[in-house]
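Here is a short report for a reader who is new to this structure. It moves from the core to the charged pairs, then to the pocket and one loop.

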Amino acid sequence: MIKKAIYPGSFDPLTLGHMDIIERSSKIVNELVVGVLNNSAKNSLFSIEERVNMIKEMTSSLPNVTVGSFDGLLVDYMEEIGANIIIRGLRAVTDFEYELQIAQTNHVESPQVETIFLTTSLQYSYLSSTIVKEFASHGGDISKFVPASMVDRIYMKYKK
């Protein structure tokens, strides 16, 4: 059985924590789709196209990883692409409570959908896109938070 999974998120911006989950989960499944959520309610730093292109660039060395974007319900997008596994990263117990509720809701909506939780590697357990944006907006050093090729792109967003 081919296992096709999706790792959904806004990835605004992609962090080293996200990359860790992508790399680790790509070793568990046959195919991994990084699904970039187009959430019009959020005021994103990067456009959906920029985020998709940056993730494609960062994952180009992973042959079983593709990148797509979606809006609406995750389970509907999963049906569209033929995926039945959701990958989610957990940083803390507080993440688990929220993610469990979402996983159970998705399973009720689509019983064939399963969620796999990966705990974040210890060195990234504090990291979030929000923290990256906060540091970057004040000129802080974000080089330990995001892939090297993303650093200047993020700073440029705050210079406009």
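Contact here means heavy atoms within 4.5 Å. The model is predicted.

**The core**

Take Ile154. Leaving aside its neighbours within four places in sequence, Ile154 is in contact with Pro13, Leu45, Phe46, Val132, Ala136, Ile142 and Val146. Ile154 also belongs to the largest nonpolar core, which has 35 residues. Leu14, Ile22, Leu32, Ile87, Ile142, Val146 and Ile154 have the most contacts inside that core.

Which elements build it? Those that each supply at least two residues to this core are strands E1 (4-9), E2 (31-37), E3 (65-70) and E4 (85-90), together with helices H1 (16-26), H2 (48-58), H5 (129-137) and H6 (151-159). Helix H2 gives the largest share of this core, 5 residues. Another core lies apart from the largest one. That other core has 11 residues, including Ile6, Tyr77, Ala83 and Ile86.

**Salt bridges**

Side chains of opposite charge can pair when their charged atoms come close. How many salt bridges does a search of the whole structure find? The search finds 7. Three of the pairs are set out here.

| Pair | Closest N to O distance |
|---|---|
| Asp12 and Lys133 | 3.4 Å |
| Asp20 and Arg24 | 2.9 Å |
| Arg88 and Glu99 | 2.8 Å |

The pair of Asp12 and Lys133 links distant parts of the chain, 121 residues apart. Asp12 sits in the loop between E1 and H1, and Lys133 sits in helix H5. Is Asp12 buried or exposed? Asp12 counts as buried because its relative accessibility is 3%, and buried means under 20%. Lys133, at 22%, counts as partly exposed.

Asp20 and Arg24 both lie in helix H1. They are 4 residues apart, about one turn of the helix. Asp20 is buried, with a relative accessible area of 11%. Arg24 is partly exposed, at 27%.

Arg88 is in strand E4 and Glu99 is in helix H4 (residues 93-109), so their salt bridge ties together parts that are 11 residues apart in sequence. Glu99 is buried, with a relative accessible area of 8%.

**The largest pocket**

The largest pocket has a volume of about 1200 Å³. It is lined by 42 residues. Which of them are the closest to its centre? They are Pro8, Gly9, Ser10, Arg88 and Glu99. Arg88 and Glu99 also form a salt bridge with each other.

Elements E1, H1, helix H3 (74-81), E4, H4, strand E5 (114-119) and H5 give two or more residues to the lining of this pocket. The largest share of the lining, 8 residues, comes from H4. By class, the lining has 17 nonpolar, 17 polar and 8 charged residues.

**The loop between E1 and H1**

Most residues other than glycine have a negative phi, and most peptide bonds are trans. This loop holds an exception to each.

Phe11 is found in the loop between E1 and H1. Phi of Phe11 is near 50 degrees, a positive value in a residue other than glycine. Phe11 counts as buried, at 3% relative accessibility.

The peptide bond from Asp12 to Pro13 is cis, with omega near 5 degrees. Pro13 is found in the loop between E1 and H1 too. Asp12 is the partner of Lys133 in a salt bridge, and Pro13 is in contact with Ile154.

Methods:
Residues numbered from 1 in each chain as written. Predicted model: local features only at pLDDT ≥ 70, side-chain atom pairs only at ≥ 80, totals over all residues. Heavy atoms only, no water. Core = buried A, V, L, I, M, F, W, Y, C linked by side-chain atoms within 4.5 Å. Buried < 20%, exposed > 50% of the residue type's maximum accessible area, 1.4 Å probe, protein only. Salt bridge = Lys/Arg side-chain N within 4 Å of Asp/Glu carboxyl O. 1 Å grid on protein atoms, 1.4 Å probe; cavity = no way out; pocket = protein on both sides within 12 Å on 5 of 7 lines; lining within 4 Å. Points joined across faces, edges and corners; volume = space filled by probe spheres on them. Nonpolar A, V, L, I, M, F, W, Y, C, P; charged D, E, K, R; others polar.
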